[in-house]
Amino acid sequence: EKITLSIIKADVGSIAGHHMPHPDQLAAATKILAEAKQKDIIIDFYVTHVGDDIQLIMTHRKGVDHPDIHGLAWEAFKSATKVARELKLYAAGQDLLSEAFSGNVRGMGPGVAELEMEEREAEPVITFHADKTEPGAFNMPIYRIFADPFNTAGLVIDPKMHDGFIFEVYDVFEGRSVLMKTPEESYDVLALIGTPGRYIVRRVYRKSDNLLAAVVSVERLNLTAGRYVGKDDPVAIVRAQHGLPAVGEILEPFSFPHLVAGWMRGSHHGPLMPVPMRYAKVTRFDGPPRIIALGWNISRGRLIGPVDLFDDVAFDETRRLAETIAEYMRRHGPFMPHRLGPEEMEYTTLPSVLEKLKDRFVKTEEAKVVKKHSDLLSH
Ligand code: 13P
Ligand code: 13P
Ligand code: MG
Ligand code: MG
Ligand code: MG
């Protein structure tokens, strides 16, 4: 019997800016999922948030991309949106790009990561949930978990992992993906995924038996909407142990708070800070970008957990370093590389500024420029 773990998330409004949802929104979403559990549409569920994004974590027997499950998530987000409108919260319904549900939430705004599995004798799983960043933020950690022996000792030590893993890399601009093998093609993988705004590690399979080990949400909201509508704050599912990376190997890359895109107005780079659930809210400059890690065991579809994995003093130094990096990056103000490059600018006035100035750009030799400017200035 196969079980599917589905995480569907959306930002449908937040209290006092892009900070966190109101508890009544979480209650509204919980009510919808509790009713669905009563009716055996889902086996189990958990509702939480990171920053302003509501996370629906569900288990069921319907497989991925099922209209019942996606429809249920849509209904839960609609209900949480209704609360947001009622309370006049900020950006009510932000990520719901369409009024009507048409069978699948993909491309409609919410982020989706779904993993269908044959439950192993023990099925430890970690779910990651981030705010103020984009799906490509997982590229570096996922690479290190599944392809870097300096991170994951099991790649060297465990015979089941020793052959390596297969990466599905998704090109968000072209909507196409490619399967690549590590370690053989590691440098080619890195050549692509070092551009996290375009090439995203979407799935990882164990090479020895093609077991699906990890899934990342790849929806890029702005590309979908064709305009700025906030960030595509991503989620990921990673299975652990028994011939897969250990939980500690999966958490290890997050001890380095790498720079990701998505801070303030979706337009700045900042460090990704691993935090416990109680700090899964964003304040300083609407950030810095944050991630939580929830540990689970799945037992005949029941969600056992979560344990709040970054709620550990072992990550205190990471958080301290993230604060230092945040301080350093902030001092750049509106300058790159704190601000994203022109091709990534979203909430931006850049096109209209350029339009306004188009007749005032002078292109000529130095002497004439100086003359022209002095003429202009003397008027
Ligand atoms: P124990 O189960 O003996 O604590 O150790 C397991 C282990 O090596 C985890 O990395
Ligand atoms: P989200 O609403 O996608 O979290 O981001 C909004 C933002 O960029 C606030 O500064
Ligand atoms: Mg928001
Ligand atoms: Mg968000
Ligand atoms: Mg967002």
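Which residue coordinates both the magnesium ion (ligand 3) and the magnesium ion (ligand 4), and how many Å apart are the two ions? The residue is Asp52, and the ions are 4.4 Å apart. The model is predicted. The points below cover the metal site, the aromatic pairs and the charges over rings.

**Metal site**

- The magnesium ion (ligand 3) has three protein donors, namely Asp11 (OD), His18 (ND1) and Asp52 (OD), which lie 2.0 to 2.2 Å from the ion.
- Along the chain, the donors of this ion follow the spacing D-x6-H-x33-D.
- Two of these donors, Asp11 and Asp52, link distant parts of the chain, as they are 41 residues apart.
- Asp11 is in the loop between β1 (2-10) and α1 (23-38), while Asp52 is in the loop between β2 (44-50) and β3 (53-60).
- Asp11 and Asp52 are both buried.

**Aromatic pairs**

- There are ten aromatic pairs in the structure.
- One of them joins Tyr143 to Phe167, with ring centres 6.1 Å apart.
- The planes of Tyr143 and Phe167 are 50 degrees apart, and the pair counts as tilted.
- This pair also links distant parts of the chain: Tyr143 belongs to helix α3 (residues 139-147) and Phe167 to strand β6 (residues 165-171), 24 residues apart.
- Tyr143 is buried, and so is Phe167.
- One aromatic cluster is made up of Phe128, Phe138, Phe254, Phe310 and Phe315.

**Charges over rings**

- Over the face of Tyr170 lies Arg202, at 4.3 Å from the ring centre.
- Over the face of Phe285 lies Arg330, at 3.5 Å from the ring centre.

Terms used:
Residues numbered from 1 in each chain as written. Chains lettered and ligands numbered in written order. Predicted model: local features only at pLDDT ≥ 70, side-chain atom pairs only at ≥ 80, totals over all residues. Heavy atoms only, no water. Donors = N, O, S within 2.8 Å, 3.2 Å for Na, K, Ca; no water. Helix = DSSP H or I, 4+ residues; strand = E, 2+ residues; numbered from the N terminus. Buried < 20%, exposed > 50% of the residue type's maximum accessible area, 1.4 Å probe, protein only. Phe/Tyr/Trp six-rings, centres within 6.5 Å; stacked < 30°, edge-to-face > 60°. Lys NZ or Arg CZ within 6 Å of the ring centre and 35° of its normal.
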